[in-house]
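User: I'd like a close look at one residue and the strand around it, please. Could you walk me through where that residue sits and how its surroundings fit into the rest of the chain?

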Amino acid sequence: MSNLLPQAQAFALRGAQQLDFQRHLAFAGLFVVLLLACVPGALAHEFKVGDLEIQHPWSRATPPGAKVAGGYFTVVNKGSAPDRLLSISSDISDKAELHEMGVKDGVMTMRPVEGGLEIPAGGKVALKPGAYHLMFTGLKRQPKQGEKFPATLTFEKAGSVKVEFAVEGMGETGSGDMDMDHAE
Ligand SMILES: [Cu+2]
């Protein structure tokens with residue numbers, strides 16, 4: 001009896017610790033949920049092909065009659081060789097082009113990226129408003145906020161991968177980055 005007591009105590013203590021741990025876990029889970037809720041567009045979705053990871057492709061709702069829409073995502077290259085994003089296609093538009101933005105004589109300009117976009121070995125490239133981005137030109141319909149539309153990205157080495165662009169609100173700039181509207 002006398003040596004049962006410490007065991008019972010130890011058992012009770014372990015139970016309490018476990019409960020405490022579970023409570024911490026619940027709080028941690030809640031914290032993550034709250035954190036995700038605070039970051040716009042953080043309902044993360046990603047796609048893999050070869051050594052590449054395509055993170056959170058997103059686009060923006062467009063006003064009626066608009067002929068172009070932007071496309072944004074981050075490509076992470078986990079491999080030891082560089083790769084190259086060569087082309088993009090989607091049913092939502094006639095064409096999709098890779099653009100880069102720059103400042104020339106104090107004026108923002110954008111131009112097509114020639115020869116594809118290099119994704120360095122072990123590095124990443126972010127396509128975002130005000131920088132490299134996709135442009136869906138000749139829209140066949142307006143992307144609507146809350147929907148997803150499919151597109152295919154083709155890389156030189158990794159090949160093709162089907163992704164889905166999450167359509168966000170018209171004013172969405174992607175984590176507060178500089179924004180610029182495309183002329184039609
Ligand atoms: Cu553009």
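Analyst: Happy to. One definition comes first: a residue counts as buried if 20 or more other C-beta atoms lie within 10 Å of its own, as exposed if 12 or fewer do, and as partly exposed in between. Please keep in mind that this is a predicted model.

Let's start with M135, which belongs to strand β9, spanning residues 133-139. M135 has 18 other C-beta atoms within 10 Å, so it is classed as partly exposed. Its position also brings distant parts of the sequence together: M135 and G70 are 65 residues apart in sequence, yet their C-alpha atoms are 4.6 Å apart in space.

Now for the wider setting. The protein chain has one helix and eleven strands, and along the sequence the helix precedes the strands. Among contacts with a separation of 6 or more, 70% link residues 24 or more positions apart. Buried residues make up 22% of the 184 residues.

Next comes the core. The largest nonpolar core has 25 residues, and A151, L153 and F165 touch the most other members. Strand β9 supplies at least two residues of this core, and so does each of β2 (52-60), β3 (68-77), β4 (83-90), β5 (93-104), β10 (148-155) and β11 (159-168). Leaving aside residues up to four places away in sequence, F165 touches P57, W58, S59, G71, K148, F149 and A151.

Note on methods
Residues numbered from 1 in each chain as written. Predicted model: local features only at pLDDT ≥ 70, side-chain atom pairs only at ≥ 80, totals over all residues. Helix = DSSP H or I, 4+ residues; strand = E, 2+ residues; numbered from the N terminus. Contact = placed C-beta atoms within 7 Å. Core = buried A, V, L, I, M, F, W, Y, C linked by C-beta atoms within 7 Å.
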